[in-house]
Amino acid sequence: MAGRITPAAGRYAGRTASERQAERRRRLMEAGLELFGGGPGYRATKIVDVCRAAGLSTRQFYEEFRTLEDLLAELHLYVNDAAERAVLAVLRKAQELEPVERYSTLFRAYAAGATADPRHTRIAFVEIIGVSPRLDRQRLDRRARWIDFLCRQAAAAAERGEIPPGDYRVAAAAFIGAVNGLMHDWAVGWVDAGREQIIDELLAILLARFQVLSQAPPA
């Protein structure tokens, strides 16, 4: 049975056990990113393929991950965290902007974080889908975080008087669904468009919704 093996402690070649473990994990993550996101994909990859690409043994793989699914799960969190960091990096400055420019800045930061590396896009919107109930839950949990973020932005806009007060969770969920659907179709080649065209189209949906809300009379 596949199981995690505890690595040996102590120094070797001038590095501690924790340093060697971090290096192994980094190499396995890089190999998984390339194979799942840029190569044959998760379903066509085996543990031995990851080990070969990382230049490590299967024993070393099991020191870090129990299964190939565990590696995919960690990569999914990694690429989502990259997009989240991109948004948080501009969030404070964006709060000082006018509404349209604010939402444009925030969404373009997200899109840059999610699509600058095509491997990230494929893992986040394609490879993760339908693998297992566990990863479906993880994927939906991450979607919920983005929905919560949009709801917080809507609440802040309502406080500024930019849109009427209200519950915008359905609107946020609809937009996140549009993002996930179009990104998936683009990543697998069902939509023939450039990266900027995809981003512009999604931003147009977001801004059109904001314009409708901003013109609505107070409840």
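**Salt bridges, core and pocket: how the labels are earned**

Modeller: Let's start with one pair: Arg108 and Glu196 form a salt bridge, and their closest N and O atoms are 3.7 Å apart. Keep in mind that this is a predicted model.

Colleague: Why is the Arg108 and Glu196 pair called a salt bridge?

Modeller: The label asks for a side-chain nitrogen of Lys or Arg within 4 Å of a carboxyl oxygen of Asp or Glu. Arg108 and Glu196 come to 3.7 Å, so the pair fits that cut-off of 4 Å. As for the general idea, side chains of opposite charge can pair when their charged atoms come close.

Colleague: What parts of the chain does that pair tie together?

Modeller: Helix α5 holds Arg108 and helix α9 holds Glu196, so parts that are 88 residues apart in sequence are tied together.

Colleague: Are Arg108 and Glu196 buried, partly exposed or exposed, and how do you know?

Modeller: Buried means under 20% and exposed means over 50%, with partly exposed in between. Arg108 has 35% relative accessibility, so it counts as partly exposed. Glu196 has 43%, so it is partly exposed as well.

Colleague: How many salt bridges does the rule give?

Modeller: The count comes to 22. One of them joins the side chains of Arg134 and Asp70, at 2.8 Å from N to O. Arg134 is in helix α7 and Asp70 in helix α4, so this pair ties together parts 64 residues apart in sequence.

Colleague: What makes Asp70 buried or exposed?

Modeller: Its relative accessible area is 19%, and the cut-off for buried is under 20%, so Asp70 counts as buried. Its partner Arg134 has 41%, so that one is partly exposed.

Colleague: Which side chain does Arg142 meet in a salt bridge?

Modeller: That would be Asp81, at 2.9 Å from N to O. Arg142 sits in helix α7 and Asp81 in helix α4, 61 residues apart, and the pair links distant parts of the chain. Here Arg142 is buried, at 11% relative accessible area, while Asp81 is partly exposed at 26%.

Colleague: Which residues are linked in a network of salt bridges?

Modeller: Arg24, Arg25, Arg59, Glu63, Glu64 and Glu74 are linked that way.

Colleague: And Arg139: why is it called buried, partly exposed or exposed?

Modeller: Arg139 has 16% relative accessibility, so it counts as buried. It lies in helix α7 and touches His76, Ile128 and Ile129, leaving out residues up to four places away in sequence.

Colleague: What is Ala83 in contact with, apart from its sequence neighbours?

Modeller: Past the residues within four places in sequence, Ala83 is in contact with Tyr110, Gly113, Ala114 and Trp146. Ala83 belongs to helix α4, and at 3% relative accessibility it counts as buried. The C-alpha atoms of Ala83 and Gly113 are separated by 4.0 Å, although the two are 30 residues apart along the chain.

Colleague: What makes a group of residues a nonpolar core, and which members touch the most others in the largest one?

Modeller: A core needs buried nonpolar residues joined through side-chain atoms within 4.5 Å. The largest has 59 residues, and Phe36, Val50, Phe61, Leu71, Phe107 and Tyr110 touch the most other members. At least two residues each come from α1, α2, α4, α5, α6, α7, α8 and α9. The biggest contribution is from α4, with 10 residues. As for Phe61, its contacts more than four places away in sequence are Leu28, Ile47, Val50, Cys51, Thr67, Leu68 and Leu71.

Colleague: Which residues lie nearest the centre of the largest pocket?

Modeller: Trp146, Leu150, Phe175, Ile176 and Leu206 do, out of 38 lining residues. Elements giving two or more residues to the lining are α4, α5, α6, α7, α8 and α9, and α7 gives the largest share, 10 residues. The space inside is about 630 Å³.

Colleague: How do the lining residues divide by type?

Modeller: They split into 28 nonpolar, six polar and four charged.

Colleague: How many helices and strands does the protein chain have?

Modeller: The count is nine helices and zero strands. Of the 219 residues in the protein chain, 43% are buried.

Notes:
Residues numbered from 1 in each chain as written. Predicted model: local features only at pLDDT ≥ 70, side-chain atom pairs only at ≥ 80, totals over all residues. Heavy atoms only, no water. 1 Å grid on protein atoms, 1.4 Å probe; cavity = no way out; pocket = protein on both sides within 12 Å on 5 of 7 lines; lining within 4 Å. Points joined across faces, edges and corners; volume = space filled by probe spheres on them. Helix = DSSP H or I, 4+ residues; strand = E, 2+ residues; numbered from the N terminus. Nonpolar A, V, L, I, M, F, W, Y, C, P; charged D, E, K, R; others polar. Buried < 20%, exposed > 50% of the residue type's maximum accessible area, 1.4 Å probe, protein only. Contact = heavy atoms within 4.5 Å.
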